[in-house]
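Dear colleague,

I am passing on a structure that I would like you to look through when you have time. My notes on it follow below.

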Amino acid sequence: MQVAALPALVGPDGQTPLRAAAAASAYRAADIRSQDLANWRPPTLSGDGAVLRDRRLVADRAEDAARNNPIAVAALTRLVDMIVGAGLRFSSKPHADTLGITREQAQELGKQIERELARHYNDPRKRSDAQRKVSQNGLYRLLARSVCKLNEACVVATWREGQGAYETAFLAVDPERLSNPVGRRDDQTLRGGVALDRYGAPVGYHIRNRHPGDGFGYAPASWEMVPREMEHGRPVFMHIFEPEREDQNRPISPFAAMIPRLRMVDRWSDLEIAAAAVNALHAAFIESNLPFAEVAAAMDPQEIVNAGNNYNDRRAAFYEVAPVKIGGVRIPVLPVGDKISMNGTPRQTAAMRDFHDVFVDHIGAAAGMSRQQILLNFERMNYSNSRSLMNETWRGVRRKVAQFVEQGPIPMALCVIEEALDKGYIRPPKNCRLLWDEPAAWLAGRWIGPGRGYVDPVKEAESAALRMETMVSTLEMECAEQGLDYEEVLDQIAREEQELGVRKLTRATVIQRVAARSAQQQPEPAESEDA
């Protein structure tokens, strides 16, 4: 079977062939002929391919910004305050059904877990820290700062024998010490110091004996392989980071997108301040209309020594003896040809604040905060604006807290609970399933961090009471939102009520106070015309 040949494409004259026009891209983002996109040809990189090549330089620049840039320092401080703040506490709620025990037994088990974690973490001798520098909450803040600055933190669960009731201690490790041994190149089983199995799961971490920039001591660089966990599941090395792409094993600093603007804002602010300082130092100038040669001759040292009998010298001597004054204020008399000119060079500082705010808005958006929160400047803001910013920021904060808790405090608590069980500090009920069989059920609960705070305490207290009354919230949820444990709140209220009863005192309830305040604020009804 023969197929007829297609007719050739010809022009209007019927003879000139037409060239096939290149097909236009279906997406404008893929258009290579656009003036805006023609030179934009980013490389095709994997998660590790994009990070590992530039991670070291970006990390160094982020560390420098965290030391010297006021905006970066403020952003880091705000983030650490919102993630950890004064501290993290665990409100234990073991899953009774999963563990095969009753709800009452699960509640008692939860109290034991909370007691032992507090016993270990709140040790005033700081034995939960392997270096014994900070408390457990101080260690949380150190790790949170590293996460906010570099997107990762490293901690090792160590064992210090004979140090007290608990021998588990945690050692914070600088992420820069996590690297390939002896400059080994990355491959399928080793990426940025992380040893991988055939599925890409981390099995160990190569830790350098000292930081690459640590000049103290002359010991040669060496690496130690730290396993991810023991055979039975006890965590050993906790790499706190969450990948942003598949097959990613090391992160990039969150300051990567902010560093160019941080640098520009820093330099621009320094130049503006320097220019303003120069203007302030040079308040006035003395100008002379004499020729340069005469001025130079007059300033010659030999001429100055021989001078003294000319007309200008006699005028100066006269005014020195008899100065001219008006109302007690002396009038300066200058040499012939000189005049005083005030420095009236204007500095365009009126737009400096708006220009600065635009850059800080970009930086704050990348950090997940508003400009007002970074700079702690809440002027020109009303209640609605404050609540809107707080709501948006709080959603991001809850995500950051969840990421941090899942990969740091929870595995660390698992190590402490295991030791407490081995030493008999925690006595689970009979027939309760083992810790390593159901670790999620054992560690179920709520991690309570810093409180959200109030913008208008009265309005928000009324809202909380209304939510609980309409059963869309609970006392536990409302207390946790403010960084409180509802059981501690109820126990304290019970003690206070008992003390008030002993002293024959009473206090108005919240509902009574709100009702009385509302009655006072209601306007009186207007009298009718008939009256």
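Are Tyr121 and Tyr140 buried or exposed? Both of these tyrosines are buried, and please keep in mind that the model is a predicted one.

Aromatic contacts are where I began, and five aromatic pairs were counted in the model. In one of them, the ring centres of Tyr121 and Tyr140 lie 6.2 Å apart with their planes at 80°, so this pair is edge-to-face. Tyr121 belongs to helix H5 (residues 103–121) and Tyr140 to helix H6 (residues 136–150), so that distant parts of the chain, 19 residues apart, are linked by the pair.

Tyr140 also pairs with Phe404, the centres being 6.4 Å apart and the planes at 85°, which again makes an edge-to-face pair. Because Tyr140 sits in helix H6 whereas Phe404 sits in helix H13 (residues 383–407), this pair ties together parts that are 264 residues apart in sequence. Phe404 is buried, as is Tyr140, and together with Tyr121 these two residues form one aromatic cluster.

A ring is also involved in another contact, in which Arg119 lies over the face of Tyr425, at 4.4 Å from the ring centre.

Turning to the surface, there is a nonpolar patch formed by Met468, Leu475, Leu490 and Ile493, which together have about 290 Å² of accessible area. Of its members, Met468 lies in helix H16 (residues 457–469) and is partly exposed, with a relative accessible area of 31%.

With best regards

Terms used:
Residues are numbered from 1 along each chain as its sequence is written. This is a predicted model: local features need pLDDT of at least 70, side-chain atom pairs count only at pLDDT 80 or more; totals for chains, interfaces and linings use all residues. Side-chain values use heavy atoms; hydrogens and water are left out. Rings of Phe, Tyr and Trp (its six-membered ring) pair if their centres lie within 6.5 Å; planes under 30 degrees apart count as stacked, over 60 as edge-to-face and the rest as tilted. Helices (H or I, at least four residues) and strands (E, at least two) are DSSP runs, numbered from the N terminus. Buried means under 20% relative accessible area, exposed over 50%, partly exposed in between (1.4 Å probe, protein chains only). A charge sits over a ring if NZ of Lys or CZ of Arg is within 6 Å of the ring centre and within 35 degrees of the ring normal. Patches are made of residues with over 30% relative accessible area and no salt bridge: like charges are joined within 9 Å, nonpolar side chains (Val, Leu, Ile, Met, Phe, Trp, Tyr) within 5 Å. Accessible areas come from the Shrake-Rupley method with a 1.4 Å probe; for residues, only the protein chains shown count as cover. A salt bridge is a side-chain nitrogen of Lys or Arg within 4 Å of a carboxyl oxygen of Asp or Glu.
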